[in-house]
Amino acid sequence: MSLAPYAVRPETSRGRLYPEAGGDARSPFQRDRDRIIHATAFRRLQYKTQVFVYHEGDHFRTRLTHSIEVAQIARSIARLLALDEDLAEALALAHDLGHPPFGHAGEDALNSAMKPYGGFDHNAQSLKAVTALETRYAGFDGLNLTWETLEGLAKHNGPLRRPSPYIAEYDAQHPLDLDTHASAEAQVAALADDIAYNNHDLDDGLRARLFTLEEVGELPLIGEALHEARACATDVPPERLAPEMIRRVINRMVGDVVIESRRRLAALAPQTVDDIRRAARPMVAFSEAMTEANLAVRDFLFHRMYRHWRVNRTMAKSKRVVQVLFSLLHGGPQMLPPIWRARAGEPGSTRCALVVCDYIAGMTDRYALEEHRRMTDPDIPG
């Protein structure tokens with residue numbers, strides 16, 4: 001399939017911070033995707049919370065399954081818009097690498113602990129993971145991904161007027177044009193994340209019995225999909241009806257993104273990827289009607305799932321785990337593993353806080369719980 005004139009083209013990539021020979025038949029973005037899949041941070045996503053902590057059920061989404069689902073949706077949209085599917089897929093697979101254990105509860109706890117040192121942002125941590133924290137190559141830290149992939153990770157949600165400290169620090173040595181939009185491929189990955197996030201949280205919320213099909217059927221878009229699912233699959237149990245409904249919602253959202261994006265692209269008539277970057281607004285987007293419907297779903301999930309007492313109880317415990325770990329390790333970096341201890345510097349220092357934050361952010365849910373247990377239970381030897 002030929003690419004659109006405004007697609008990112010592998011042969012015109014701005015390359016890598018550390019130049020490397022091509023070496024094989026893969027495109028630069030295919031190599032990026034493969035490096036992300038083989039990264040330690042990617043494997044850890046298997047035991048990182050999406051909404052439910054890993055031990056609450058084997059069938060709930062984790063960060064890993066979520067990332068794979070985002071990648072599938074991103075490839076589908078990129079193909080329909082004649083964009084580079086491999087770049088969109090690489091960005092989708094990497095977008096959550098910086099998430100700490102316990103989902104947003106862990107992020108809130110780390111952000112609070114790191115307030116005196118610049119705060120914590122999982123998007124910046126994703127960039128840090130692939131540019132500094134991964135240590136799989138002899139010649140450099142990080143994965144040495146292409147400029148286009150790093151650009152997309154840094155600003156897939158739009159231009160960064162006030163970048164977080166790490167993104168600003170990295171941009172100083174390897175400028176990512178933070179004041180412009182990212183490529184259309186990065187915008188696709190961001191929309192694919194929204195589509196997967198809301199629909200799969202609906203699916204998991206139904207599975208956990210936090211709400212019913214009848215209740216979500218009151219929502220715009222969801223109700224229409226539920227009616228269609230019932231019409232074509234009569235007398236089926238709810239556990240089969242829900243996936244039928246979710247599948248239709250995802251298809252409608254993908255179709256809406258493609259139609260709206262084609263409309264915007266036709267109006268702008270971009271001839272290069274830089275035309276996409278310099279545009280006054282994103283070129284990949286939901287229609288106004290779909291944006292409103294998506295917000296209604298998100299609002300429902302916020303009140304009925306993310307603030308459900310069962311979820312709140314687990315998240316409160318999870319926050320305390322992260323807070324205790326940070327406090328103990330920041331005040332006592334001698335408890336860190338040797339490779340981390342060597343980096344940490346003096347107890348209570350800014351440098352120590354940054355190292356402890358990186359250490360905790362890389363933990364899985366179960367490792368964080370184990371570390372907390374080892375550090376706080378006097379009957380367990382260190």
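Is Arg-263 buried, exposed or partly exposed? Select Arg-263 to find out. Its relative accessibility is 47%, so Arg-263 counts as partly exposed. Bear in mind throughout that this is a predicted model.

**Stop 1: helix H12**

Keep Arg-263 selected and add Glu-260. Their side chains meet in a salt bridge, 2.6 Å from N to O. Both residues belong to helix H12, which covers residues 238-268. They are three residues apart, about one turn of the helix. Now check the burial of the partner. Glu-260 has 8% relative accessibility, so Glu-260 counts as buried. This bridge therefore joins a buried acid to a partly exposed base.

**Stop 2: helix H18**

Move to residues 365-376, which form helix H18. Select Arg-374 and Glu-371. They form a salt bridge, with the closest N and O atoms 2.6 Å apart. Three residues separate them in sequence, which means about one helical turn. Arg-374 is partly exposed, at a relative accessible area of 26%. Glu-371 is buried, at 8%. 

**Stop 3: a bridge between H1 and H4**

The salt bridges in this model come to 34. Select another of them: Glu-89 with Arg-33, whose closest N and O atoms are 3.4 Å apart. This pair links distant parts of the chain. Glu-89 sits in helix H4 (residues 85-94), and Arg-33 sits in helix H1 (residues 28-38). They are 56 residues apart. Glu-89 and Arg-33 are both buried.

Now widen the selection. Which residues are linked with Glu-89 in a network of salt bridges? Add Asp-24, Arg-26, Arg-33, Asp-34, Arg-75, Arg-79, Glu-85 and Asp-86 to Glu-89, and you have the network.

**Stop 4: aromatic rings**

Five aromatic pairs are present in the structure. Select Tyr-18 and Phe-140. Why does this pair count as stacked? The ring centres are 5.7 Å apart and the planes lie at 5°, so the pair is stacked. The cut-off for stacking is under 30 degrees between planes. 

Trace the chain between the two rings. Tyr-18 is in the segment before H1. Phe-140 is in the loop between helix H6 (122-133) and helix H7 (147-155). The pair links distant parts of the chain, 122 residues apart. Tyr-18 is partly exposed, with a relative accessible area of 37%. Phe-140, at 12% relative accessibility, counts as buried. Add Tyr-137, and you have a cluster linked by ring pairs: Tyr-18, Tyr-137 and Phe-140.

**Stop 5: arginines over rings**

Select Arg-14 and Trp-147. Arg-14 lies over the face of Trp-147, 3.8 Å from the ring centre. Then select Arg-366 and Tyr-47. Here Arg-366 lies over the face of Tyr-47, at 3.8 Å from the ring centre.

**Stop 6: Val-130 and the core**

Go to helix H6 and select Val-130. Is Val-130 buried or exposed? Val-130 is buried, with a relative accessible area of 1%. Show its contacts beyond four places in sequence: Leu-97, Gly-142, Leu-143, Asn-144, Leu-145, Leu-150 and Leu-153. Next, draw a C-alpha to C-alpha distance from Val-130 to Ile-36. They are 94 residues apart in sequence and 8.0 Å apart in space.

Step across to Leu-97. Outside its neighbours within four places in sequence, Leu-97 contacts Ile-36, Ala-41, Phe-42, Leu-45, Ser-126, Ala-129 and Val-130. Leu-97 and Ile-36 are also among the residues with the most contacts inside the largest nonpolar core. Select the others on that list: Ile-77, Ile-195, Leu-202, Phe-211 and Met-245. How many residues does this core have? The core has 94 residues. Another core, of 23 residues, lies apart from it. Its members include Met-114, Phe-326, Cys-352 and Val-356. In soluble globular proteins, nonpolar side chains tend to be buried together.

**Stop 7: Asp-179**

Finish in the loop between helix H8 (165-173) and helix H9 (184-207), where Asp-179 lies. Asp-179 has 53% relative accessibility, so Asp-179 counts as exposed. Which residues does Asp-179 touch, not counting those up to four places away in sequence? They are Pro-159 and Arg-161. Last, draw a C-alpha to C-alpha distance from Asp-179 to Ile-259. The two are 80 residues apart in sequence and 27 Å apart in space.

Conventions: Residues are numbered from 1 along each chain as its sequence is written. This is a predicted model: local features need pLDDT of at least 70, side-chain atom pairs count only at pLDDT 80 or more; totals for chains, interfaces and linings use all residues. Side-chain values use heavy atoms; hydrogens and water are left out. A salt bridge is a side-chain nitrogen of Lys or Arg within 4 Å of a carboxyl oxygen of Asp or Glu. Helices (H or I, at least four residues) and strands (E, at least two) are DSSP runs, numbered from the N terminus. Buried means under 20% relative accessible area, exposed over 50%, partly exposed in between (1.4 Å probe, protein chains only). Rings of Phe, Tyr and Trp (its six-membered ring) pair if their centres lie within 6.5 Å; planes under 30 degrees apart count as stacked, over 60 as edge-to-face and the rest as tilted. A charge sits over a ring if NZ of Lys or CZ of Arg is within 6 Å of the ring centre and within 35 degrees of the ring normal. Contact means heavy atoms within 4.5 Å. A nonpolar core is a set of buried Ala, Val, Leu, Ile, Met, Phe, Trp, Tyr and Cys residues joined through side-chain atoms within 4.5 Å.
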